[in-house]
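Grab a coffee and open the viewer: here are some short exercises with worked solutions. Try each task before you read on.

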Amino acid sequence: MRKHTFLATITGALALTIVTTTGLTPSASAAAGPERRTVEQTQALLAAFERKDLNAISARIDEDATFTIPLSFSGTPEPAGHFTGKDQILGYVDNVLRNFRRIRFTDMRISVTAHGKTSFVQANGDFTTADDRSYRNVYVYRFDWRNGRMVHAEEYANPVTLCKTFADLDC
């Protein structure tokens, strides 16, 4: 159970950060098309996550949002984590932020569906744990947006990398 909570926290925080930073950013020009605004919102969410700015993340999440970490530690089809509502998501994100001293995404690619309702992010993580160990993983996020706020997110990351870094997760 502790392993699932920690994984969910790490994954959720990352996804949440991406989603929230992009939702309500002043740089998202009102004159830009919906696809461009979604790219800017997604970039802003990831930047807030890297800054570990929980308030900026919170501002971009819908009250009824959901966040899912589909890949389990055991290989079963059940998700490693699922969070319903802004409070649960922020709880997970806060836990992730506390477990990492540095969060940095590299080689980021953002794709947006027509009309900007969904964004996909592929990125490498170059993180440092709270106890100063390197943590490098590969991430794919899906964010669904409504009125500039994230309403659903999914985070895909390699659970083996997580388990090797955090041995106390019961992987």
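A pocket here is an open set of grid points with protein on both sides within 12 Å along at least five of seven lines, and a lining residue has an atom within 4 Å of a point. Keep in mind that you're looking at a predicted model.

**Exercise 1. The pocket**

Task: Work out which element gives the most to the lining of the largest pocket, and what kinds of residue the lining holds.

Solution:
- Start with the pocket itself: the largest one has a volume of about 200 Å³.
- Now list the lining: Pro 34, Arg 37, Thr 38, Gln 41, His 115, Gly 116, Lys 117, Trp 145, Arg 146, Asn 147 and Gly 148.
- Next, sort by element. Helix 2 and strand 6 (134-146) are the elements that give two or more residues to this lining.
- Helix 2 comes out on top, giving four residues.
- Finally, sort by chemistry: the lining splits into six polar, three charged and two nonpolar residues.

**Exercise 2. Helix 2 from end to end**

Task: Compare the span of helix 2 with the expected one, find its buried residues, and check what happens just after the helix ends.

Solution:
- Helix 2 covers residues 34-51, which makes 18 residues.
- From first C-alpha to last, helix 2 reaches 26 Å, close to the 26 Å expected at 1.5 Å a residue.
- For burial, use the cut-off of under 20% relative accessible area. The buried residues of helix 2 are then Thr 38, Val 39, Glu 40, Gln 41, Thr 42, Ala 44, Leu 45, Leu 46, Ala 48 and Phe 49.
- Two of these, Thr 38 and Gln 41, turn up in the pocket lining as well.
- Step past the end and you hit Lys 52, in the loop between helix 2 and helix 3 (54-58).
- Phi of Lys 52 is near 60°, a positive value in a residue other than glycine. Most residues other than glycine have a negative phi.
- Lys 52 is partly exposed, with a relative accessible area of 32%.

**Exercise 3. Three salt bridges**

Task: The structure holds 11 salt bridges. Take the pairs Arg 98 with Asp 94, Asp 132 with Arg 101, and Arg 102 with Asp 126, and say where the partners sit.

Solution:
- Arg 98 and Asp 94 meet through their side chains at 3.2 Å, N to O. They're four residues apart in helix 4 (residues 86-99), so about one helical turn separates them.
- An α-helix has 3.6 residues a turn, so residues three or four places apart point the same way.
- Arg 98 is exposed at 54% relative accessible area, while Asp 94 is partly exposed at 30%.
- The side chains of Asp 132 and Arg 101 meet at 2.5 Å, N to O. Asp 132 is in the loop between strand 5 (118-129) and strand 6, and Arg 101 is in strand 3 (residues 100-102), so this pair ties together parts 31 residues apart in sequence.
- Arg 101 counts as partly exposed, with 49% relative accessibility.
- For Arg 102 and Asp 126, the closest N and O atoms are 2.8 Å apart. Arg 102 belongs to strand 3 and Asp 126 to strand 5, so here the linked parts are 24 residues apart in sequence.
- Asp 126 is buried at 7% relative accessibility, whereas Arg 102 is partly exposed at 33%.
- Follow shared partners and you get one network of Arg 102, Arg 104, Asp 126 and Arg 136.

**Exercise 4. Two hairpins**

Task: Trace how strand 6 pairs with strand 5 and with strand 7 (residues 149-157), and find the positive phi in each turn.

Solution:
- Strand 5 and strand 6 run antiparallel, joined by 11 bridges. As a landmark, Ala 123 stands opposite Tyr 139 in strand 6.
- Four residues lie between the two strands of this hairpin, and Asp 132 in the turn has a positive phi of about 70°. That's the Asp 132 that bridges to Arg 101.
- On to strand 7: strand 6 pairs with it in the antiparallel sense over eight bridges. Here Phe 143 has Ala 153 in strand 7 as its bridge partner.
- This second hairpin has two residues between its strands, and Asn 147 in the turn has a positive phi of about 55°.
- To close the loop, Asn 147 is also one of the residues lining the largest pocket.

Technical notes:
Residues numbered from 1 in each chain as written. Predicted model: local features only at pLDDT ≥ 70, side-chain atom pairs only at ≥ 80, totals over all residues. Heavy atoms only, no water. Expected span 1.5 Å × (residues − 1). Buried < 20%, exposed > 50% of the residue type's maximum accessible area, 1.4 Å probe, protein only. 1 Å grid on protein atoms, 1.4 Å probe; cavity = no way out; pocket = protein on both sides within 12 Å on 5 of 7 lines; lining within 4 Å. Points joined across faces, edges and corners; volume = space filled by probe spheres on them. Nonpolar A, V, L, I, M, F, W, Y, C, P; charged D, E, K, R; others polar. Salt bridge = Lys/Arg side-chain N within 4 Å of Asp/Glu carboxyl O. Pairing = 2+ DSSP bridges.
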